[in-house]
Amino acid sequence: STALKYIREEVSKLPVIVDLPLLASRDAITVCYDCYGNLDKLEEIIERNGIFDPMVINRESLKVLSK
């Protein structure tokens, strides 16, 4: 039971993909900075969402990591 508790605690710390609602057109740099506080995952956001023009995102939501 100790091992199961440890596994549950560790798995709960892993990031999951969530939908980030966009209320207006935005650019990928701003979205990345707003989500993560840095630009380390900019390419990941662009690739995951199949964004063709990172300067203009015209969608209702994007898929981003929760953490």
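**Exercise 1. Place Asn49 in the structure, and decide whether Asn49 is buried or exposed.**

Solution. Asn49 has its place in helix H3, where helices (H or I, at least four residues) and strands (E, at least two) are DSSP runs numbered from the N terminus. The model is a predicted one, in which local features need pLDDT of at least 70 and side-chain atom pairs count only at pLDDT 80 or more, while totals for chains, interfaces and linings use all residues. Residues are numbered from 1 along each chain as its sequence is written, and side-chain values use heavy atoms, with hydrogens and water left out.

The next step is accessibility: buried means under 20% relative accessible area, exposed over 50%, and partly exposed in between (1.4 Å probe, protein chains only). With a relative accessibility of 7%, Asn49 counts as buried. Finally, if residues up to four places away in sequence are not counted, Asn49 touches Arg59, Leu62 and Lys63, a contact being heavy atoms within 4.5 Å.

**Exercise 2. Find how many salt bridges the whole structure has, and describe the one between Lys63 and Asp19.**

Solution. Begin with the criterion, which asks for a side-chain nitrogen of Lys or Arg within 4 Å of a carboxyl oxygen of Asp or Glu. A search of the whole structure finds four such salt bridges.

In one of them, the side chains of Lys63 and Asp19 meet at 2.9 Å, N to O. Lys63 lies in strand E2 (residues 61-65) and Asp19 in strand E1 (residues 17-21), so this pair ties together parts that are 44 residues apart in sequence. Both partners are partly exposed, Lys63 with a relative accessible area of 40% and Asp19 with one of 48%.

**Exercise 3. Describe the salt bridges of Arg48 with Glu44 and of Lys13 with Glu10, and state how accessible each partner is.**

Solution. Arg48 is found in helix H3, and its side chain meets that of Glu44 in a salt bridge of 2.8 Å, N to O. The two residues are four residues apart in helix H3 (residues 42-49), and are therefore separated by about one helical turn. Arg48 counts as partly exposed at 27% relative accessibility, and Glu44 counts as partly exposed at 30%.

Arg48 also has neighbours elsewhere in the sequence: leaving out residues up to four places away, Arg48 touches Ile17, Lys63, Val64 and Leu65. Ala3, by contrast, is 45 residues from Arg48 in sequence and 33 Å from it in space, C-alpha to C-alpha.

For the other pair, the closest N and O atoms of Lys13 and Glu10 are 3.2 Å apart. Lys13 is exposed, with a relative accessible area of 51%, whereas Glu10 is partly exposed at 30%.

**Exercise 4. Work out which residues have the most contacts inside the largest nonpolar core, and which elements give two or more residues to this core.**

Solution. A nonpolar core is a set of buried Ala, Val, Leu, Ile, Met, Phe, Trp, Tyr and Cys residues joined through side-chain atoms within 4.5 Å. The largest has 13 residues, and those with the most contacts inside it are Tyr36, Ile45, Ile51, Ile57 and Leu62. The elements that give two or more residues to this core are helix H2 (28-36), H3 and E2, and H2 gives the most, with four residues.

Now turn to helix H2, in which Ala28, Val31, Cys32 and Tyr36 are buried. These residues cover an arc of only 100° around the axis, taken from the directions from the helix axis to the C-beta atoms, which puts them on the same side of H2. Among what covers the buried residues of H2 are E1, H3 and E2.

**Exercise 5. Explain where Asp27 lies and which polar contact its side chain makes with Thr30.**

Solution. Asp27 has its place in the loop between E1 and H2. Although buried, Asp27 has no salt bridge, and the nearest side chain of opposite charge, Arg26, is 6.2 Å away; here Lys and Arg count as positive and Asp and Glu as negative, while His and the chain ends are not counted.

The side chain of Asp27 makes a polar contact of 2.8 Å with the side chain of Thr30. Such a contact is a pair of N or O atoms within 3.5 Å; within protein, one must be able to donate a hydrogen and the other to accept it, and residues adjacent in sequence count only if both atoms are side-chain atoms. Asp27 also caps the N-terminal end of H2, with a side-chain oxygen 3.2 Å from the backbone nitrogen of Ile29.
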